[in-house]
Amino acid sequence: MTGPAPPSRPAAFPANWPVRIAYAGLLVYTLYVCSILDVSLARLLSGLDHAAKLFGRMFPPNSAPDKLSLIADGMIESIQIAILSTFFGTLLSLPLGLAAARNLVPLWLASTARMVIAVCRSFHPIIISILFVKAVGFGALAGMLALVISSMGFVSKLFAEILEEISLKQIEAIRATGASFINVLIFAVVPQVIGRFIGLSVYQFDSNLRNSTMVGIVGGGGIGAALFTAYQRFDYDVVLTILLIIIALIILCEIASSRIRTVTQ
Amino acid sequence: MSSPTPTRQWQRFTPFQRIVRSMLMIIGVTALVWSFKTIEIIPEFLYDAPEQAADLFVRMWPFDWAFYPKAVHEALIETFHIATLGTLLALVLAMPLAFLSARNITRSPVLNWLAQVLFVSSRSVNSLIWALLFVAIFGPGALAGVMSIAFRSIGFIGKLFGEALEEAQKGPVDALVATGAPHAVVLAKGIWPQVEPSFWSVALLRWDINIRESAVLGLVGAGGIGVALDNALSNLYWDQVGLIMAVIFVVVIIVEMITSSIRARLI
């Protein structure tokens, strides 16, 4: 005697065809792009050979005193660029971010400020550096100005978002005392956002430090110039020394900035 | 008659916090003053900066529109492909590392730490510097660009995706483990559905950034629109430079609008 067949149950995890098709599409796209960009296994394998040679020439890192003092000069200039560009960039972001906060200023001003921010944000710091190298000549000033612009783009955008989230109750309370717009800003707006603004500035310092190691490649001052020269002269051991120093500095800075952000927030 | 009770003084910060805060402030101001005093700026260059900048814009306008079909369009498509393929490669490489870095999934501090070190090194080296290395390895061209975009993005995607993994709830995992599901199924059906939206959100965010970054990789020979930009710059064809910058601006704005609208729907 056989019992009734067990009722068929729906599969526990039914196949999700739209997702599968999407993944298949990504795969097809990948293969297509690999073919038109001339990305192939053969090239990757021949690259491994070059990579082995490259790393062979990189080790050991060059630690000759004259190179180290050159690198130290470049690093110090990079750090200076990062500090000054963060200072001016965040300082200019205060009014720009305020002007872009739709809850505090008239709409025409907010949209204009948003346009300015969009222009600052959409160009890579390197492209801005190229323009400033043309305008103010080679050297740290060009790199610094470029990073000021890109800092303004990033910090003002997020600062405007922070400002749009603030509580309007304090503003109403201060306004009810007959305070002027400036007083409303100082006593109602600033206390609500200052902590997060400082956090943002510290984060931007981190990012400026990363970029200040690079602007030298196009003549914007800092360690990038030394790195690019060493690279073009095939002094790969010096390149490795510079890279290791950059990585160490940025890790240190990242640890410090995450500590500072927990203190201020 | 009662003696006046001493009123309690309320303070926002403990003495230690106040010391830390003032120390930070002093360090900040010192660093700023030191940078101002010692940075090397040649003032003579500053005098004619406004003229030079004005000259720059005069030379840029009107754009050399004829240049677009000749060299820019193809380079633009290549830039787009470099950014997309680089992001996809980074996703594939970063995902296992992110699982290694998440403390609730991989219970080995050494492996967690190793993954974190890889992420930090990937993020510390700028994409242009990665591009220099990969041009030395693979020769000039799009392959070097794809690899540098991928290696720069591993750290970013891995860190953010790892954080999302650490926030995943334990409930579904426990339920699957209780049914005796193998480890791979626990990952695929217990954890992945929880983190999938944030995974694609991080991927889109990075793709948006990579479109921007891949536009400059050509300056060191790693393919894309940067090559056209570099040629225009070294020939001092500023009208072509202006056109390329305008094209980059438009593409970046469009991509940002697309990604931010998709991300708003994902989360």
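What radius of gyration does chain A have, and what would a compact globule of 265 residues have? In this predicted model, local features need pLDDT of at least 70 and side-chain atom pairs count only at pLDDT 80 or more, while totals for chains, interfaces and linings use all residues. Residues are numbered from 1 along each chain as its sequence is written, and chains are lettered from A and ligands numbered from 1 in the order in which they are written.

The radius of gyration of chain A is 26 Å, against a value near 18 Å for a compact globule of 265 residues; the radius is taken over C-alpha atoms, and the globule rule is 2.2 Å times the number of residues to the power 0.38. Along the principal axes, the C-alpha atoms of chain A fill a box of roughly 85 × 80 × 35 Å. Chain A is divided into domain 1 (17–57) and domain 2 (61–264), with bounds from an automatic or database domain assignment. The centres of these two domains, taken over C-alpha atoms, are 35 Å apart.

Chain A contains ten helices and zero strands (DSSP runs, numbered from the N terminus: H or I of at least four residues for helices, E of at least two for strands). Of its 265 residues, 38% are buried, that is, 20 or more other C-beta atoms, placed from the backbone, lie within 10 Å of the residue's own.

Between the chains, 46 residues of chain A are in contact with 48 residues of chain B (C-beta atoms, placed from the backbone, within 7 Å). The chain A side of this interface comprises 32 nonpolar, ten polar and four charged residues; Ala, Val, Leu, Ile, Met, Phe, Trp, Tyr, Cys and Pro count as nonpolar, Asp, Glu, Lys and Arg as charged, and the others, Gly among them, as polar.

Notes
Two residues are in contact if their C-beta atoms, placed from the backbone, lie within 7 Å. A residue is buried if 20 or more other C-beta atoms lie within 10 Å of its own, exposed if 12 or fewer, and partly exposed in between; C-beta atoms are placed from the backbone.
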